[in-house]
Structure formats: C-alpha cells, structure tokens
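Here is a short round of questions and answers on one protein model. Keep the coordinates open as you read.

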Amino acid sequence: MSGNRIFNSLLFKIIVGIILGCLCSLFFPEWLARVFVTFNGLFSGFLGFFVPVLIFGLITPAIASLGQGAGKWLGVTAGVAYLSTIISGAAAYLLSQALYPTLLATSDLMEAGDIDKAALSPYFSVEMPAPFEVMPALLLAFTVGIAMATLGTKTLTQASVELRDVIMKVVEAFIIPLLPIYIFGVFLSMGMNGVLLETVSQFAKVLVLAIVMTWVVLLVQYLIAAPLSGRNPFVALKNMLPAYFTALGTSSSAATIPVTLKSTKRNGVSDSVADFVIPLCATIHLSGSMMKISLFAFAVVFMSGSEVSAGTAIGFILLLGIMMVAAPGVPGGAIMAAVGLLQSNLGFDEGQVAIMIAAYIAIDSFGTACNVTGDGAIAMVVNKLAKGDLQAEKPAELAQN
C-alpha cells in the first residue's frame, strides 16, 4: 500500500481523529470544544434523518433483484449467505453473555449518555425529523421489493437501482468524509467529560476478541463446507489465504473479487459456480462484519448497564443481517446501515453510536477479510448443491457487480 493511499484511507483519518480528539481534550478551551459539539449534534441529527432513507433505498433493489439473474440458485446462495451471517451474530451474542461478565468485570459501567453529557453543550441545534422510522422503512422496502420481484417491473427496478446509487453517493461523498471530524468531536467530548480513559481501555479488550473471533468464524465455515465438497478444510483455507491478505490490505470486498475467484477455483469449485457466487457474496455475505458489530454492540450494552432480552438481541441480529445484505460497498458501509437498529432496537445514543463506528472502522479490514474468505466456503457449498445446474446459467448481471 503506497504512502498516499495510506494517508487517504478512512482508517488512517479515523485514527488521526481519535488521537487528536484525545490530545486536544487536554487543552482546548470550552468555547472551541463547543464548536465541535455543535457539529456533532448536527451530523447526528442528519444521520437520524437519513438512515431510514438509506435502509429503504438500499434494501428495496436488493430484494427486487431476487427475481432476476440465475433463478433459484440466486435465492439459495442468498439464503446460505444470510444463514452464515445470522449464525455469526448469534455466536457473538452467546459469546458476549459468557465472556463479558468476566472480561469487562473490572471496568466501571458506563451509563447511557455519559459520553455525551457534561458542561459542553452545542451553540444551537436543528431538528431533523426522519420521513419515517427505521421499522416502517424496513417493512416498506420488503413490501415494495417483493412486489417488484414478483411482477418483474423493469422500470421500477431500474428506478430503485438508480435511487440506490444516489444513496450510496451521499454516503461516499458526504457521510464518510465527515466521519473523522465526528469521531474527533466525540473523543474530544469524552476527554473533557472525564470518561475517555475507561471507555478506551474497556473497548481494547473487545477489539482483540473481535479479531480472534473472525478467525474462529472462518475455521468453522471451512470445517463445515470443505467436507461437503470432499476437501481438506485446512488445505482449503490455505488456498484462500491470498484472498484473505488481499482483503486485509484493501479493506474492499469488490477489489478482492479477482483474487477471491482464483483462490476459490483452486478449491475445486467450477468456473460457472465461482463466477456466479463470488461477485454476489461480495455484497451479501458479511459474517465477519456481523461478528464485529454484534460483539461491539453487546459490549456497549453491558458497559452501560442496560438490559437487553434474548428476544430483543435475536431480533436485532435477524434485522441487522438483512440490512447489511444491502450495505453499500464502501468503507464503514455496514456500520452505517446498522446505525438505525442500534438506536431503535438497542437504544444507543449519539456517543455510543460514535464509539461503535470508531471501533468498527479500526479493525474494518479484518471483518472484510473474514467476509471474502468465507465467500469461498459458500461457493463450495453451492457447488455441491448445484451439481451442474449452474453450468447452463449465465448470470451476466451478477458478474458485473
């Protein structure tokens, strides 16, 4: 990775924002800090307004596309990818219940709102009511998307794809570039409010746990998929290492597709199946991202002393899996798609959401590497199930994704 690429990466900017926020909290005058608090309030308000629109704009064309392409195998592949993602989230929840009482036992509980509260207040605020709430957006996306897929509405489907492109442009050109400033403001506020040290030290343990668990997820996936295809799981994993390390360096599933394809075919997956599954799973299979977000979310819940029932946690994971299927293919896209659920289902406030974003992006490449390497496992499963059915298919649309 070249020097310019490193300096221009979102991860580098987020790290700089965190460091500067911590340092500036030691000497910034209150009047200057309030400027960033004001910005954070406006930015957070815009996110609250935009997230339901993002959910509708991304999920609708994703569901509508199920009626196109390679027929039943598109649905089968999407189903296997979704199941893999959901199992990863469920494992994260069970792990959090088993480990967090011990892992985070020495940490002081962080009451909800502690990150945002204190003497610092914005100079002004602007109300930005969302056009609809998160759940109506999700239901509307499902209803319209399924109807479009059933009727095969070419015009509406094309319009929804164009709307998705517009939504992604807002994410890429406006939200993502402003995230480092937002993170800076959060850590500046935390430092001046006196809750910085304990919060960072608590999350360091969770970051390490999340990285380790992405490796465990991959091991389990290949222990299941490889025997189904008559392959050695460890040899299959070894064959996928080029894809893993490419994704680790690029933090992009799309950029890794050529390497993922080559590695997958080395595991005995037919060209037709690999060419079909890998581009599709690059956008819909996010087991690594699910593991990270779930571990971080339940850590925040535990650290804040909140009560979340098993039913609420399962509902959160099921809906998050759907939302991330349509997550934009940009750095931080999955966590941005999850913001609405974090707020509506788990009751996260602005500061807690910011901590989630910072933690997610800090190890974003490990989640991406887990996602794309897991795509190879799904391809092996579909290759076994299809038994040549896909040889006659020509999923040109998916190959272009």
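Q: What share of the contacts with a separation of 6 or more comes from residues 24 or more positions apart?
A: The model is a predicted one. Take the contacts in the protein with a separation of 6 or more. Within that set, pairs 24 or more positions apart account for 87%.

Q: How many helices and how many strands does the secondary structure have?
A: The count covers the secondary structure of the protein. Strands come to zero, and helices to 17.

Q: What percentage of the residues count as buried?
A: The cut-off for buried is under 20% relative accessible area. The protein has 401 residues. Those that count as buried make up 50%.

Q: What part of the exposed area do carbon and sulfur atoms supply?
A: The protein exposes about 17000 Å². The carbon and sulfur share of that area is 67%.

Q: Is helix 12 parallel or oblique to helix 16?
A: Helix 12 spans residues 287-303, and helix 16 spans residues 364-386. Their axes come within 6 Å and cross at roughly 140°. Antiparallel would need an angle over 145 degrees. The crossing angle therefore makes helix 12, relative to helix 16, oblique.

Q: Which residues of helix 16 meet helix 12, and how many of the contact residues are charged?
A: Helix 12 brings Ser-287, Gly-288, Ser-289 and Lys-292. Helix 16 answers with Asp-364, Gly-367, Cys-370 and Asn-371. By class, the contact has one nonpolar and five polar residues, and the charged ones number two.

Q: Is Cys-370 buried or exposed?
A: Cys-370 is among the helix 16 residues that meet helix 12. Its relative accessibility is 0%, so Cys-370 counts as buried.

Q: Which cysteine has the sulfur nearest to that of Cys-24, and how far away is it?
A: The structure holds zero disulfides. Cys-24 is accordingly in no disulfide. A disulfide needs sulfur atoms within 2.5 Å. The nearest cysteine sulfur belongs to Cys-22, at 9.5 Å.

Q: Why does Cys-24 count as buried?
A: The cut-off is under 20% relative accessible area. Cys-24 counts as buried because its relative accessibility is 11%.

Q: What distance separates the C-alpha atoms of Ala-247 and Ser-365?
A: Ala-247 sits in helix 9, residues 241-250. At 0% relative accessibility, Ala-247 counts as buried. Along the chain, Ala-247 and Ser-365 are 118 residues apart. Their C-alpha atoms are separated by 6.6 Å.

Q: Which residues does Thr-77 contact, leaving aside neighbours within four places in sequence?
A: Thr-77 lies in helix 4, residues 72-103. It counts as buried, at 0% relative accessibility. With those neighbours left aside, Thr-77 is in contact with Phe-276, Val-277, Leu-280, Cys-281, Ile-284, Ile-378 and Val-382.

Q: Which residues does Phe-174 touch, not counting residues up to four places away in sequence?
A: Phe-174 has its place in helix 6, residues 154-193. At 37% relative accessibility, Phe-174 counts as partly exposed. Beyond those sequence neighbours, Phe-174 touches Phe-46 and Lys-169.

Q: How far apart in space are Ile-314 and Gly-89, C-alpha to C-alpha?
A: Ile-314 belongs to helix 13, residues 310-325. With a relative accessible area of 47%, Ile-314 is partly exposed. In sequence, Ile-314 and Gly-89 are 225 residues apart. In space, C-alpha to C-alpha, they are apart by 8.6 Å.

Notes:
Residues numbered from 1 in each chain as written. Predicted model: local features only at pLDDT ≥ 70, side-chain atom pairs only at ≥ 80, totals over all residues. Heavy atoms only, no water. Axes fitted to C-alpha atoms, helices over the stretch in contact; angles between N-to-C directions. Helix = DSSP H or I, 4+ residues; strand = E, 2+ residues; numbered from the N terminus. Parallel < 35°, antiparallel > 145°, perpendicular 65-115°, else oblique. Contact = heavy atoms within 4.5 Å. Nonpolar A, V, L, I, M, F, W, Y, C, P; charged D, E, K, R; others polar. Buried < 20%, exposed > 50% of the residue type's maximum accessible area, 1.4 Å probe, protein only. Areas by Shrake-Rupley, 256 points an atom, 1.4 Å probe, with all protein chains shown as cover.
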